[in-house]
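Me: Could you walk me through this structure with a few questions and answers?

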Amino acid sequence: MSQARRAATEREFTAFFDARATAFRRTAYGLVGDWGRAEELTQTTFERLWRHWPRIAAGSPEAYARRVLLNLFLDERKWNAELPTDELPEQASTAGDPNLRLDVGAALARLPRQMRA
């Protein structure tokens, strides 16, 4: 790749990053519920996006990046999944209306895994 083309590629990627990084970070936060982990997911997403940028820039980098973000989230959940045990965990205290928390949890539990993500 020529130096001029490399510079143009870097400018394109930087412009995309500047325009979309905040939105991807918010999306990641919606998935994981923690700003630190959301930042890590976002950084890893853009790292992978950069590696393939010349190939995907002409297509739909937004869709590619969203798919990478979701796949990273699902992979993390797969490797950090809780294991079933014979003993129940300690009862957690619930703030607010416990019935509301159960209703939302039950509704989410009825969704397929990818829809919950």
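The turns below go from the overall fold to the rings, the charged pairs and the surface.

Me: Happy to start broad: which pattern does the chain follow along the sequence?
Reply: Keep in mind that this is a predicted model. The chain has 6 helices and 0 strands. Reading along the sequence therefore gives helix elements in the pattern α-α-α-α-α-α.

Me: And what share of the contacts between residues at least 6 apart in sequence joins residues at least 24 apart?
Reply: The chain has 117 residues, and 21% of them count as buried. For contacts between residues at least 6 apart in sequence, the share that joins residues at least 24 apart is 60%.

Me: Let's look at one position. Is Thr45 buried or exposed?
Reply: Thr45 sits in helix H2, which covers residues 35–51. Leaving out residues up to four places away in sequence, Thr45 touches Ala65, Val68, Leu69 and Leu72. The cut-off for buried is under 20% relative accessible area. Thr45 has a value of 1%, so the residue is buried.

Me: Now the rings, please. Is the pair of Phe16 and Phe46 stacked, edge-to-face or tilted?
Reply: The count of aromatic pairs comes to 8. In one of them, Phe16 and Phe46 are 6.1 Å apart from centre to centre, with 50 degrees between the planes. Stacked needs under 30 degrees and edge-to-face over 60, so the remaining class applies. The pair of Phe16 and Phe46 is tilted.

Me: Which helices does that pair of Phe16 and Phe46 tie together?
Reply: Phe16 counts as buried at 13% relative accessibility, and Phe46 counts as buried at 4%. The two residues are 30 residues apart in sequence, so their pair ties together separate parts, namely helix H1 (residues 3–32) and helix H2.

Me: Phe46 has another partner, Phe17. What is the angle between the planes of Phe17 and Phe46?
Reply: Phe17 in helix H1 and Phe46 in helix H2 are 29 residues apart. Phe17 counts as partly exposed at 34% relative accessibility. The ring centres of Phe17 and Phe46 are 4.9 Å apart, and the pair is edge-to-face because the planes are at 80 degrees.

Me: Which residue lies over the face of Phe24?
Reply: Phe24 belongs to one aromatic cluster together with Phe13, Phe16, Phe17, Phe46, Trp50 and Trp53. At 5.1 Å from the ring centre of Phe24, the residue over its face is Arg66.

Me: Which residues are joined with Arg66 into one network of salt bridges?
Reply: Arg66 forms a salt bridge with Glu62, with the closest N and O atoms 3.2 Å apart. Both residues lie in helix H4, 4 residues apart, or about one turn of the helix. Through shared partners, the network joins Arg66 with Glu62 and Arg20.

Me: How far apart in sequence are Glu76 and Arg37?
Reply: A search of the whole structure finds 5 salt bridges. One of them pairs Glu76 with Arg37, with the closest N and O atoms 2.3 Å apart. Glu76 lies in helix H4 (residues 61–79) and Arg37 in helix H2, and the distance along the sequence is 39 residues.

Me: Last one, on the surface: what is the area of the nonpolar patch with Leu108?
Reply: Leu108 lies in helix H5, residues 98–110. With a relative accessible area of 42%, Leu108 is partly exposed. Together with Val104, Leu111 and Met115, Leu108 makes a nonpolar surface patch of about 350 Å².

Conventions:
Residues are numbered from 1 along each chain as its sequence is written. This is a predicted model: local features need pLDDT of at least 70, side-chain atom pairs count only at pLDDT 80 or more; totals for chains, interfaces and linings use all residues. Side-chain values use heavy atoms; hydrogens and water are left out. Buried means under 20% relative accessible area, exposed over 50%, partly exposed in between (1.4 Å probe, protein chains only). Contact means heavy atoms within 4.5 Å. Patches are made of residues with over 30% relative accessible area and no salt bridge: like charges are joined within 9 Å, nonpolar side chains (Val, Leu, Ile, Met, Phe, Trp, Tyr) within 5 Å. Accessible areas come from the Shrake-Rupley method with a 1.4 Å probe; for residues, only the protein chains shown count as cover. A salt bridge is a side-chain nitrogen of Lys or Arg within 4 Å of a carboxyl oxygen of Asp or Glu. Rings of Phe, Tyr and Trp (its six-membered ring) pair if their centres lie within 6.5 Å; planes under 30 degrees apart count as stacked, over 60 as edge-to-face and the rest as tilted. A charge sits over a ring if NZ of Lys or CZ of Arg is within 6 Å of the ring centre and within 35 degrees of the ring normal.
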